[in-house]
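Work through these exercises with the sequence and the model side by side. Try each task before reading its solution.

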Amino acid sequence: LGNGNVGIGTTSPTTKLSVTDGASMYVNSNYLVQIKRNATNGNDDTSKASILLANNSNGMQIAYGGTTDRLRFLDGGAVERFTMLNGGNVGIGVTAPSSKFRVKSTNSTEEQITVESSSNTNTIIAIGESHNGNLSGAIELNNTNGATGVHLNGHGPSFFNNGNVGIGTTAPAGKLHVKDTSTQLILETPNTTNDIDFTLNL
């Protein structure tokens, strides 16, 4: 205790509370509390400086450091669920996000990102892997009752339901309304010897 600062593991606390296992503390007047482990990044367990928040039911950790330079949130089973790299990339379910926001699930039949309706608990936007087992990307847009209006599948059936679709127009007057000053519809096959089959029901 000196100059109003408290040190645990150090006789030279540089903040109001400085906790360490032997490391030299960082000096910065903008820090109020500092927890520093005497280690460098290299191991997810022995290199991290962590805080355990717990009650009699369970506990979760907030940690910095490990095999890489990152902030980590670990659940009650010590599984890392949320990651932020030094530099800003954020991952949920992935510890080395390669983009600004990356999500990964171990369950291919569940949505990875959902938006809930403000009027009930139904999902109105869902992004994840398709439910037909081909592990492709899928996006669903639903109404407040949970009925799917738009389903886009990266490798499988896609559809628009309960509304008109416009290409080149924001006011489609029919189920499919294509508007442009050039050729509006082209049907093409990669093999010129094959015909393209389609049906018009009038």
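**Exercise 1. Contacts and overall form**

Find what share of the contacts between residues at least 6 apart in sequence join residues at least 24 apart, then describe the overall form of the protein chain.

Solution.
- Step 1. This is a predicted model. Among its contacts between residues at least 6 apart in sequence, 7% join residues at least 24 apart.
- Step 2. Look at the secondary structure. The protein chain has 16 strands and zero helices.
- Step 3. Test the spread. The globule rule gives 17 Å for 202 residues, but the radius of gyration is 27 Å, well over that value, so the protein chain is more spread out than a compact globule.
- Step 4. Take the dimensions. The C-alpha trace spans about 90 × 45 × 35 Å along its principal axes.
- Step 5. Pick a pair of residues. Thr11 and Pro190 lie 179 residues apart in sequence, and their C-alpha atoms are 76 Å apart in space.

**Exercise 2. Surface and charge**

State how much of the protein chain is buried, then describe its surface and its charges.

Solution.
- Step 1. Of the 202 residues, 22% are buried.
- Step 2. The accessible surface is about 14,200 Å². Carbon and sulfur atoms account for 53% of that surface.
- Step 3. There are 12 positive and 15 negative charges. Their mean positions are 14 Å apart.

**Exercise 3. Both sides of β6**

Which side chains of β6 are buried, and which strands pair with β6?

Solution.
- Step 1. Recall the rule. In a regular strand the side chains alternate between the two faces of the sheet.
- Step 2. Apply the rule to β6. Arg70, Arg72 and Leu74 point to one face and are buried. Leu71 and Phe73 point to the other face and are not buried.
- Step 3. Go to β5, residues 59-64. Four bridges pair this strand with β6 in the antiparallel sense. Ala63 has Arg72 as its bridge partner in β6.
- Step 4. Go to β7. Five bridges join this strand to β6, again antiparallel. Here Arg72 has Thr83 as its bridge partner.
- Step 5. Inspect the turns. The hairpin of β5 and β6 has five residues between the strands, with Gly65 at a positive phi near 90°. The hairpin of β6 and β7 also has five residues between its strands, with Ala78 at a positive phi near 65°.

**Exercise 4. The open sheet**

Trace the sheet that holds β10, name its edge strands, and follow the pairing from strand to strand.

Solution.
- Step 1. Set the order. Five strands form an open sheet, β10-β11-β12-β13-β14, with antiparallel pairing.
- Step 2. Find the edges. β10 and β14 (159-160) each have a single partner strand, so one side of each is left without a neighbour in the sheet.
- Step 3. Start at β10, residues 111-116. Five bridges join this strand to β11, residues 123-129. Thr114 has Ala126 as its bridge partner in β11. The hairpin between the two strands runs through six residues.
- Step 4. Cross to β12, residues 137-142. Five bridges join β11 to this strand. Ala126 stands opposite Glu140, Gly128 opposite Ala138, and Glu129 opposite Gly137.
- Step 5. Continue to β13, residues 148-153. Five bridges join β12 to β13. Glu140 has His151 as its bridge partner in β13.
- Step 6. Check the turn of this hairpin. Five residues lie between β12 and β13, and Gly146 in the turn has a positive phi of about 95°.

**Exercise 5. Loop residues**

Place Asn162 and Thr11 in their loops and decide whether each is buried or exposed.

Solution.
- Step 1. Asn162 lies in the loop between β14 and β15 (165-167). Its phi is positive, about 60°, although Asn162 is not a glycine.
- Step 2. Apply the cut-off: exposed means over 50% relative accessible area. Asn162 has 62% relative accessibility, so this residue counts as exposed.
- Step 3. Thr11 lies in the loop between β1 (6-8) and β2 (17-20). At 81% relative accessibility, Thr11 counts as exposed.

Methods
Residues are numbered from 1 along each chain as its sequence is written. This is a predicted model: local features need pLDDT of at least 70, side-chain atom pairs count only at pLDDT 80 or more; totals for chains, interfaces and linings use all residues. Side-chain values use heavy atoms; hydrogens and water are left out. Two strands pair if DSSP finds at least two bridges between them. The radius of gyration is taken over C-alpha atoms; the globule rule is 2.2 Å times the number of residues to the power 0.38. Buried means under 20% relative accessible area, exposed over 50%, partly exposed in between (1.4 Å probe, protein chains only). Contact means heavy atoms within 4.5 Å. Accessible areas come from the Shrake-Rupley method with a 1.4 Å probe; for residues, only the protein chains shown count as cover. Lys and Arg count as positive and Asp and Glu as negative; His and the chain ends are not counted. The place of a charge is taken as NZ of Lys, CZ of Arg, CG of Asp or CD of Glu.
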